[in-house]
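Biologist: Could you take me through the interior of this protein, giving the reason behind each label that you use?

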Amino acid sequence: MARSTPTQTYESKRNREKTPEPFDGKRPVKAKPMFVIQKHDASSLHFDLRLEIGGALKSWAVPKGPSLDPRDKRLAIETEDHPIAYGGFEGVIPEGEYGGGTVMIFDIGAMKNVKDASLEDQYENGQIEVELCGERIKGKYALIRTGKKSGDNWLLIKMKDDAADARRKPASVETRSATSGRTMHQIRQDAGDD
């Protein structure tokens, strides 16, 4: 019997022959756990938050993007686990394919666990607390599952710390990739979709 992988659902939803999204790739053993936030212009524009937990990128679609204001409670809808290599993906998923649209790396960096419990245990218990060390998004964040234990809806909340700033709205201000410096339009052009 074939052993299941953390990203089996991800792989079942995609056609390797049609999408440029990564399917394989291992991370350096000594590398710190990572996070990535990708701006994704699919059926609707949203942001995908991905945290490295348990050998994959646990993933949430955040319609309004992350906030630096601790008063904001942003809806985060859990999606399928993605492979670690997806953290470096920027490009265009073909129309008609799952998640079709342009993907930009909005921010990427290391992630630290700020609780005594493992990230895997925090995920199972429905309350994750991490510190994100990116270019645009810094500081401590909490992800809290709402409703039933296996529900897809979570809240993404900026915790009060030195990086909290009610005046800045990073998701609406930044329009270029954190890694390539390209706009969404340029990413589409480079893929031959514009």
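**Cavity, cores and ring pairs**

Modeller: Let me begin with the lining of the largest cavity, which is formed by Leu49, Leu51, Ile128, Val130, Leu132, Tyr141, Ala142, Leu143 and Leu156. Please keep in mind that this is a predicted model.

Biologist: What makes the lining of the largest cavity nonpolar, polar or charged in character?

Modeller: Its residues divide into 9 nonpolar, no polar and no charged; Leu, Ile, Val, Tyr and Ala are all counted as nonpolar, and therefore each residue of the lining falls in that class.

Biologist: How many cavities are there, and how much space lies in the largest cavity?

Modeller: The count comes to 1 cavity of 30 Å³ or more, and about 40 Å³ of space lies in the largest cavity. Strands β2 (45-53), β7 (127-133) and β8 (138-145) each supply at least two residues of its lining.

Biologist: Which residues of the largest nonpolar core touch the most other members?

Modeller: Of its 22 residues, these are Leu49, Leu51, Trp60, Ile128, Leu132 and Leu143. The elements that each supply at least two residues of this core are β1 (34-41), β2, β3 (56-62), β6 (101-113), α2 (119-125), β7, β8 and β9 (153-158), and β2 gives the most, with 4 residues. A second, separate core of 11 residues includes Met34, Leu57, Val103 and Ile105.

Biologist: With which residues is Ile128 in contact, leaving aside its neighbours within four places in sequence?

Modeller: Ile128 is in contact with Leu51, Ile53, Trp60, Leu119, Gln122, Tyr123, Tyr141, Ala142, Leu143 and Trp154.

Biologist: Why is Ile37 called buried?

Modeller: Ile37 has a relative accessible area of 2%, and buried means under 20%, so the label applies. This residue is found in strand β1 and, not counting residues up to four places away in sequence, touches Phe47, Asp48, Leu49, Pro66, Met104, Ile105, Phe106, Asp107 and Ile137. Its C-alpha atom is separated by 9.3 Å from that of Gly109, although the two residues are 72 residues apart along the chain.

Biologist: How many aromatic pairs are there, and why is the pair of Phe47 and Phe106 called edge-to-face?

Modeller: The count comes to 4 aromatic pairs. The rings of Phe47 and Phe106 have their centres 5.3 Å apart, which is within the 6.5 Å required for a pair, and their planes at 80°, which is over the 60 degrees required for edge-to-face, so both conditions are met. Because Phe47 lies in strand β2 and Phe106 in strand β6, the pair ties together parts that are 59 residues apart in sequence. Both Phe47 and Phe106 are buried.

Biologist: What makes the pair of Trp60 and Trp154 edge-to-face?

Modeller: Here the ring centres of Trp60 and Trp154 are 5.4 Å apart, again within 6.5 Å, and the planes stand at 75°, over 60 degrees, so this pair is edge-to-face. Trp60 lies in strand β3 and Trp154 in strand β9, so parts that are 94 residues apart in sequence are tied together by the pair. Trp60 is buried, and so is Trp154, while ring pairs link Trp60, Tyr123 and Trp154 into a cluster.

Biologist: How many helices and strands does the protein have, and what share of its residues count as buried?

Modeller: The protein has 4 helices and 9 strands, and 45% of its 194 residues count as buried. Of the contacts in the protein with a separation of 6 or more, 56% are accounted for by residues 24 or more positions apart.

Notes
Residues are numbered from 1 along each chain as its sequence is written. This is a predicted model: local features need pLDDT of at least 70, side-chain atom pairs count only at pLDDT 80 or more; totals for chains, interfaces and linings use all residues. Side-chain values use heavy atoms; hydrogens and water are left out. On a 1 Å grid over the protein atoms alone, a cavity is a set of points where a 1.4 Å probe fits but cannot get out, and a pocket is an open set with protein on both sides within 12 Å along at least five of seven lines; lining residues have an atom within 4 Å of a point. Grid points are joined across faces, edges and corners, and a volume is the space filled by probe spheres set on the points. A nonpolar core is a set of buried Ala, Val, Leu, Ile, Met, Phe, Trp, Tyr and Cys residues joined through side-chain atoms within 4.5 Å. Buried means under 20% relative accessible area, exposed over 50%, partly exposed in between (1.4 Å probe, protein chains only). Contact means heavy atoms within 4.5 Å. Rings of Phe, Tyr and Trp (its six-membered ring) pair if their centres lie within 6.5 Å; planes under 30 degrees apart count as stacked, over 60 as edge-to-face and the rest as tilted.
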